Amino acid sequence: MAASPHLVVFTGSGISAESGIKTFRASDGLWENHPVEDVATPQAWRRNPQQVLDFYNQRREQIRRAKPNAAHKALAALEQDGFSVSIITQNIDDLHERAGSRQVLHLHGEILKARSSIDERMRYPLPKGGIELGHVCDKGSQLRPDVVWFGESVPLFAEACDLVSQADFLLVVGTSLAVMPAASLLSYIDYDTPCALVDPEADMLSPPGVLAINTTAGEGVPALVNRWKQQGNLLLS
């Protein structure tokens, strides 16, 4: 165990849902009542950029109104208590950061940023408002949401794998472990690194060797964090 215990947390839509942010449900293929292929693919962007921009502008305002919940706050508090906490999230909101977490890797991008359509290195913060047709980057290309769409590569995946391999404990929160390549992150932990999944359906979702904690993020994460803070380590025994 490292002198400063290193917790790596992998979060999905379940943790943000408790803050009122609606999730993508693969079972019906809809996201906010929109077919995914109409708002979250490169093809949709080419076909109807106005519809895509409108969709993300609405989502952006919803996220700005949302507040971090008990799970977000507990993880930030653990970091403030001296633990090393690295968060890998599938979520495109900024609730981890607003709770106070400082080490957050967004696998699928950040909705509160825009980026160039021709140079993904050119990113621009969106402290207010949204993206409209005619808003362009410094190279003159239309801005798009800084979000990884279905069918696009996940540029930060290798960095996420490196983080997972360094974990003293891997905590998975609110994800079905069904979206690739993110779902394969668990294969990068050391064979003896403990791993737990906090989710109301954890029993059904947990792979072999992963401790299932069947509860919501808002209940399960603060309980774990309180235990670790009292013990000064990341043990569950």
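Select strand 6 (109-116) and strand 8 (143-147). Five bridges join strand 6 to strand 8, and the two run antiparallel. Strands here are DSSP runs of E with at least two residues, and helices are runs of H or I with at least four, numbered from the N terminus; two strands pair if DSSP finds at least two bridges between them. This is a predicted model: local features need pLDDT of at least 70, side-chain atom pairs count only at pLDDT 80 or more, and totals for chains, interfaces and linings use all residues. Residues are numbered from 1 along each chain as its sequence is written, and side-chain values use heavy atoms, without hydrogens and water.

Zoom to alanine 114: proline 145 in strand 8 stands opposite.

Now show the whole sheet. It is open, with three antiparallel strands in the order 7-6-8. Strand 7 (123-125) and strand 8 are the edges, each pairing on one side only. Neighbouring strands are turned by 45° against each other on average, direction ignored.

Add helix 4 (residues 49-65). Helix 4 packs on the sheet and touches strand 6 and strand 8 (contact: heavy atoms within 4.5 Å). Its direction makes about 140° with that of strand 6 (axes are lines fitted to C-alpha atoms, for helices over the stretch in contact; angles run from 0 to 180 degrees between N-to-C directions).

Next, select Arg115, Arg123, Asp146, Val148 and Pro155. Of the 16 residues lining the second largest pocket, these are the closest to its centre. A pocket is an open set of points on a 1 Å grid over the protein atoms alone, where a 1.4 Å probe fits, with protein on both sides within 12 Å along at least five of seven lines; lining residues have an atom within 4 Å of a point. Strand 6 gives the most to this lining, four residues.
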